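Okay everyone, thanks for squeezing me in. I'll put the structure up and then walk you through the parts I find worth a look.

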Amino acid sequence: MLDNLHQLRCCGCGAQIEGSTARPDFRCLACGDLFEVEYPGWNKPQGTDRPNAGALKWLWRERRTSTEAIDRSGVWRFRELLPILDNFENAVTLFEGNTPLYHLPRAAKSLGMDQLFAKHQGMNPTGSFKDTGMTAALSVARERGFKWVACASTGNTSAAMAAYAARAGLNSLVLIPQGKIAWGKLAQAMDYGSVTCQLKTDFDGCVKVLNSIVRQEPIYLLNSVNPYRLEGQKTPAFEIAEAMDWNLPDHLIVPGGNLANSSALGKGMREMKQLGLIARVPKISVIQAEGANPLARSFAKDDGKTLEAVEAKTRATAIRIGNPASWRKSAQVIHETGGWCIDVTEAEIAIAKAEIGAEGLGCEPASAVTLAGLKKLRASGKVGATESVVLLLTGHTLKDADYTIDYHRGTLLEESESRGLEAEINGMRRNAHEVAATPEAVLAVLKDVEL
Ligand code: F0G
């Protein structure tokens, strides 16, 4: 078993603290910024504390055939790169991770590219990428003896937290913005036994209320300001590298909401390079919805130096966030890797989502911003025809079935939103028909579709 080898470092002032001494809201006492987990041993020359790249690649592959619960997790399979627990027997796992990397032949063809892939994090146990982060942070909560955990959420975090808390035998509290999340996600949290509170505010308002609660009660905060979440969420970077034989794609494209995921994947890439597992990191670009685009605005205004919160509004409810906590970390990743941050419209998201569906994969609306963003980056010449690109799909298509049905019935978008994109929308052929119960009526539909 490995020792717990980590400490926390403030991303603002560089203060270093022991993990167990962080404040309940995970803000730095000195400057108020966020922490990230660091492993001091990795800066030393090759030795006992610094993992050996070749040995690790072999070990991680071996574990794929293991029947041990901890090895079957696509997060804990890489545990040498997240030594955050005193004892790995405290890991709470639902066998998350090990998600598929799919080729997207149709989208690639229409973009004039060969090498376009989707890493589908919606294929996790609760249907979103949040499971990889939750297994890490919830295991820390259990090891440190907490009885209650809590999060504010646009839906997926709460579903993941509820499931992992239930597995660990902990109680969980969910704060969500009333009426502003996809119902399936709320149903998951209820089903897994969470105390769910809908608040008459937005996500950013829920965060404020929760910050106050965790300062008053011994409740462990599982929002993505919790740096241990990011340790789990960095592991898809390892999986992508492994699946591509340790040759990273040219470009990784990630949706942006609270901006933790892009930060985590950037950290994963940075650490693999530091340890000699890979030779170079991909560009990482972040795509936001036009109505929830504080970082895209910031990049347009002053290259990501300052951020003004916005009042968020988008049908991609998972990323309906106006004041993202991890924006500085994310901006740093974009700068370091040479990526971009741009936004896409509601119609562009809806079309891209239908295109991902038509590949036989599907995803939730927030994930589809990646393909919509790639189209824009391609059109502006920022992504070349020969570049290899991986889109990070964050949630399963069943997370928001209403959105899909509304789109195919033609009731999702306002006319003003679809203007100029009618050909693309009609080209995707709406798939919903209500017809009389006769063979003739059904055959007539097929004829129409053929035409
Ligand atoms: N995609 C999906 C499906 C999400 O649920 C989220 C965030 C994101 C993308 C954005 O990731 O916040 O790390 O930039 N959902 C959070 C939640 C906020 O509460 O479930 P991010």
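**Around helix 5**

Let's start in the middle of things: the buried residues of helix 5 are covered by, among others, helix 4 (130–143), strand 6 (148–152), strand 7 (171–177) and helix 6 (183–191). Before I go on, keep in mind that this is a predicted model.

So how many of the 13 residues in helix 5 are buried? It's 11, so to speak a mostly covered helix. The buried ones include N156, T157, S158 and A159 early on, and also M161, Y164 and A168. The length behaves too: 13 residues at 1.5 Å each should span 18 Å, and the end C-alpha atoms are 18 Å apart, which agrees. Just past the helix, G169 takes a positive phi of about 75°.

Now hold that against helix 18, residues 439–450. Helix 18 is hardly covered, with a buried count of 0 among its 12 residues. From first C-alpha to last, helix 18 reaches 17 Å, close to the expected 16 Å.

Let me zoom out for a second. The protein has 18 helices and 13 strands. Its radius of gyration is 22 Å, close to the 22 Å the globule rule gives for 451 residues, so the protein is as compact as a globular protein of that length. Along the principal axes, the C-alpha atoms fill a box of roughly 70 × 50 × 50 Å. Of the 451 residues, 51% count as buried. And if you take contacts between residues at least 6 apart in sequence, 71% of them join residues at least 24 apart.

Next, the core. In soluble globular proteins, nonpolar side chains tend to be buried together. Here the largest nonpolar core has 126 residues, and L138, V149 and L222 touch the most other members. Helix 5 turns up again, giving this core its largest share, 8 residues. What does L138 touch, once you skip residues up to four places away in sequence? That would be V92, V149, Y164, A165, A168 and L222.

On to the ligand. There are 22 residues around the ligand, and S153, G257, N258, T394 and G395 come nearest. By class, the shell has 6 nonpolar, 14 polar and 2 charged residues. Helix 5, helix 10 (260–274) and helix 14 (365–379) each supply at least two residues of that shell.

A couple of backbone oddities for the torsion people. Most residues other than glycine have a negative phi. L259 isn't a glycine, yet has a positive phi of about 75°. L259 sits in the loop between strand 10 (251–255) and helix 10, and is buried, with 29 other C-beta atoms within 10 Å. F95 is another non-glycine with a positive phi, about 60°. You'll find F95 in the loop between helix 2 (69–72) and strand 4 (101–103). Buried or exposed? F95 is partly exposed, because 17 other C-beta atoms lie within 10 Å and the buried label needs 20 or more.

Last one: I240, in helix 9, residues 235–243. I240 is buried, with 22 other C-beta atoms within 10 Å. Leaving aside neighbours within four places in sequence, I240 is in contact with L101, K119 and V390. I181 is another matter: I240 and I181 are 59 residues apart in sequence and 30 Å apart in space, C-alpha to C-alpha.

That's my tour, happy to take questions.

Conventions:
Residues numbered from 1 in each chain as written. Predicted model: local features only at pLDDT ≥ 70, side-chain atom pairs only at ≥ 80, totals over all residues. Helix = DSSP H or I, 4+ residues; strand = E, 2+ residues; numbered from the N terminus. Expected span 1.5 Å × (residues − 1). Near = placed C-beta within 6 Å. Nonpolar A, V, L, I, M, F, W, Y, C, P; charged D, E, K, R; others polar. Contact = placed C-beta atoms within 7 Å. Core = buried A, V, L, I, M, F, W, Y, C linked by C-beta atoms within 7 Å. Rg over C-alpha atoms; globule rule 2.2 N^0.38 Å.
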